[in-house]
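Opening a fresh page for this one. I want the fold order, the core, a charged patch and any odd backbone angles.

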Amino acid sequence: MKKIKILLSAFLVLAFIFSCEEDNLDPIGEWDLSEPSLLTTNETLVLNEDQPDETFEFTWDPAISTERYQVRYTLILSTPGNYKDPLLSKASENGGRDTNGSFTAREMDLALSYAGFEAGKEVDLEITVLAKSIDKQTTDSAELIVKRFETE
C-alpha cells in the first residue's frame with residue numbers, strides 16, 4: 001500500500017509538471033513602453049511669495065504599453081540631466097494614473113531653498129515625467145527656469 005501511494009504521488013507530480021502550458025512561461029520583458037510626451041508651454045516660472053498656494057500644472061500625452069499594462073506617472077523637478085536625484089517629485093493626479101500633475105509655488109521654493117539656491121534668483125531646472133509599468137520605465141523632460149521667492 002505504501003508503494004502504491006509513493007508511485008501515485010510521483011505520477012501526479014510528473015503529470016503536473018508536464019501539463020503546464022508554454023504560454024505561462026513567457027518572459028515578462030517581451031513588450032515595450034512608449035515615452036510620455038510633455039505638453040509644457042511654461043519655460044519660465046516666477047514664484048510669487050504673496051501667492052504661495054499658486055499651482056503650476058504640467059500635462060503630458062500618455063505612455064503606451066504594448067501589452068496594455070497599467071502605467072503610473074511621477075512628476076519630477078530636478079537640475080538638468082539629474083532626474084534620478086530629484087529636488088521635488090510627486091505622483092501624478094489620481095494616484096499616479098492621470099496625465100497631469102502639479103506643484104505649488106511653496107513646494108518648489110522650499111525644495112530650491114533646501115538645495116541651496118539663493119532667494120530671488122533664477123534657477124535652470126528640468127521638469128521630467130517618469131512613466132512606469134511593471135519593470136519598465138520611460139521619461140520625457142523639458143528645460144525650465146524658475147525664479148525663487150524674493151525672501152527666504
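**Fold and core**

I read the elements off from the N terminus: α-β-β-β-β-β-α-β-α-β-β. That comes to three helices and eight strands, taken as DSSP runs (H or I, at least four residues, for helices; E, at least two, for strands), numbered from the N terminus. Note to self: this is a predicted model, where local features need pLDDT of at least 70, side-chain atom pairs count only at pLDDT 80 or more, and totals for chains, interfaces and linings use all residues. Numbering starts from 1 along each chain as its sequence is written, and side-chain values use heavy atoms, with hydrogens and water left out.

I checked burial: 31% of the 152 residues count as buried (under 20% relative accessible area; exposed is over 50%, partly exposed in between; 1.4 Å probe, protein chains only).

Next I looked up the largest nonpolar core (buried Ala, Val, Leu, Ile, Met, Phe, Trp, Tyr and Cys joined through side-chain atoms within 4.5 Å). It has 28 residues, and Phe58, Leu77, Phe103, Met108 and Ile127 touch the most other members. β3, β4, α3, β7 and β8 each supply at least two residues of this core. β7 gives the largest share, five residues.

**Backbone angles**

Most residues other than glycine have a negative phi, so I looked for positive ones. Asparagine 94 has phi near 60 degrees. Asparagine 94 lies in helix α2 (residues 93-96) and is partly exposed at 46% relative accessible area. Isoleucine 134 has phi near 50 degrees. Isoleucine 134 sits in the loop between β7 and β8 and is partly exposed at 45%.
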